[in-house]
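Work through the exercises below with the viewer open. Try each task before you read its solution.

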Amino acid sequence: MTDFKLTETDRLLMTTKQVRKRLDLTKEVPIKTVLECIEVASRAPIGGNAQVNRWMLVNDPQTKEALADLYRREGTAYLENGKKQVEELGGDATQRAVVDSSLYLLDHLHEVPMMIIPIRNDRPGTSVFDQATFWGSVTPGVWSLQLALRARGIGSAWTTLHLYHENEASNLLGIPESVTQIALLPTAYYTGEKFHPAKRRPAEEITYLNRWKQTPTN
Ligand SMILES: Cc1cc2nc3c(=O)[nH]c(=O)nc-3n(C[C@H](O)[C@H](O)[C@H](O)COP(=O)(O)O)c2cc1C
């Protein structure tokens with residue numbers, strides 16, 4: 001046994017959703033609170049314990065507008081196409097909701113009080129080992145940040161569509177070419193209290209024991 005309250009830790013882990021429609025666009029997100037969350041997120045594992053991760057906070061209205069324009073440039077066609085596919089293939093309610101809220105975010109991205117851009121201070125290599133080490137050393141911290149924000153009433157959404165224009169975004173932010181942006185998290189206090197656990201397939205269906213496709217038995 002540990003002194004963790006499992007109901008609370010599991011609730012945090014299972015109900016930290018990608019928040020788009022429920023971002024409160026009217027309320028400022030204090031930099032102090034985000035720094036507190038980054039302090040927490042910095043405890044995530046990093047290959048070789050290399051201190052390569054950085055964070056860019058953007059709350060300047062013009063810069064947010066410019067980043068949102070970059071996001072929309074490819075994002076509009078990408079998401080409209082996604083919507084068409086879901087409709088044609090008769091996607092389920094969850095798929096429809098994701099497309100619907102993604103399109104909502106597309107329209108409102110420039111209005112979010114804060115954008116958070118996780119960064120690695122280098123560029124990825126090409127082998128699977130290099131890639132696994134590169135992305136695996138930065139994404140756990142981003143998820144930890146989302147959890148720490150959520151525990152403070154702040155929602156965020158993992159997005160990558162602005163990276164179709166990574167160079168332009170880097171130029172805007174004065175980020176050198178030797179550095180990699182990982183994502184762009186629109187960040188705001190969320191509205192409402194409750195989040196339902198994200199819908200996912202049961203663990204037994206996606207877990208194998210000792211051999212590919214061998215179902216684990218208790
Ligand atoms: C690597 C990655 C990239 C994503 N990029 C975008 C994006 O550009 N725009 C967007 O609206 N959502 C993006 N998402 C969110 C997913 O589309 C999806 O909504 C989410 O993972 C499911 O949300 P849930 O956990 O709240 O169920 C991304 C998620 C991940 C992990």
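The exercises cover aromatic pairs, charges over rings, one glutamate and the ligand site. The model is a predicted one.

**Exercise 1. Aromatic pairs**

Task: Classify the pair formed by the rings of Phe 134 and Trp 135, and state how buried or exposed each residue is.

Solution:
- Step 1. The count of aromatic pairs comes to three.
- Step 2. The ring centres of Phe 134 and Trp 135 are 4.8 Å apart, and the planes meet at 75°. Centres must lie within 6.5 Å for a pair, and planes over 60 degrees apart count as edge-to-face. The pair is therefore edge-to-face.
- Step 3. Phe 134 has a relative accessible area of 3%. Buried means under 20%, so Phe 134 is buried.
- Step 4. Trp 135 has a relative accessibility of 31% and counts as partly exposed.

**Exercise 2. Another aromatic pair**

Task: Which geometry do Tyr 208 and Trp 212 adopt as an aromatic pair?

Solution:
- Step 1. The distance is 4.7 Å centre to centre, with 75° between the planes. This pair is edge-to-face.
- Step 2. Tyr 208 is partly exposed, at 31% relative accessibility.
- Step 3. Trp 212 reaches 68%. The cut-off for exposed is over 50%, so Trp 212 counts as exposed.

**Exercise 3. Charges over rings**

Task: Over the face of which ring does Arg 22 lie, and over which does Lys 27 lie?

Solution:
- Step 1. Arg 22 sits over the face of Phe 195, 4.0 Å from the ring centre.
- Step 2. Lys 27 sits over the face of Tyr 189, 4.2 Å from the ring centre.

**Exercise 4. The setting of Glu 166**

Task: Place Glu 166 in its helix and find its side-chain polar contact.

Solution:
- Step 1. Glu 166 belongs to helix H7, which spans residues 166–173.
- Step 2. Its relative accessible area is 15%, so Glu 166 is buried.
- Step 3. Leave aside neighbours within four places in sequence. Glu 166 then contacts Arg 123, Val 179, Thr 180 and Gln 181.
- Step 4. The side chains of Glu 166 and Arg 123 make a polar contact at 2.8 Å.

**Exercise 5. The ligand site**

Task: How much of the ligand's accessible area does the protein cover?

Solution:
- Step 1. List the surroundings. The residues around the ligand include Lys 17, Arg 20, Tyr 71, Ser 102, Trp 158 and Arg 200.
- Step 2. An N or O atom in the side chain of Tyr 71 is 2.7 Å from a ligand nitrogen.
- Step 3. A polar side-chain atom of Ser 102 is 3.3 Å from a ligand oxygen.
- Step 4. A polar backbone atom of Trp 158 is 2.9 Å from a ligand nitrogen.
- Step 5. On its own, the ligand has 630 Å² of accessible area, and the protein covers 67% of it.

Technical notes. Residues are numbered from 1 along each chain as its sequence is written. This is a predicted model: local features need pLDDT of at least 70, side-chain atom pairs count only at pLDDT 80 or more; totals for chains, interfaces and linings use all residues. Side-chain values use heavy atoms; hydrogens and water are left out. Rings of Phe, Tyr and Trp (its six-membered ring) pair if their centres lie within 6.5 Å; planes under 30 degrees apart count as stacked, over 60 as edge-to-face and the rest as tilted. Buried means under 20% relative accessible area, exposed over 50%, partly exposed in between (1.4 Å probe, protein chains only). A charge sits over a ring if NZ of Lys or CZ of Arg is within 6 Å of the ring centre and within 35 degrees of the ring normal. Helices (H or I, at least four residues) and strands (E, at least two) are DSSP runs, numbered from the N terminus. A polar contact is a pair of N or O atoms within 3.5 Å; within protein, one must be able to donate a hydrogen and the other to accept it, and residues adjacent in sequence count only if both atoms are side-chain atoms. Contact means heavy atoms within 4.5 Å. A residue is near a molecule or strand if one of its heavy atoms lies within 4 Å of it. Accessible areas come from the Shrake-Rupley method with a 1.4 Å probe; for residues, only the protein chains shown count as cover.
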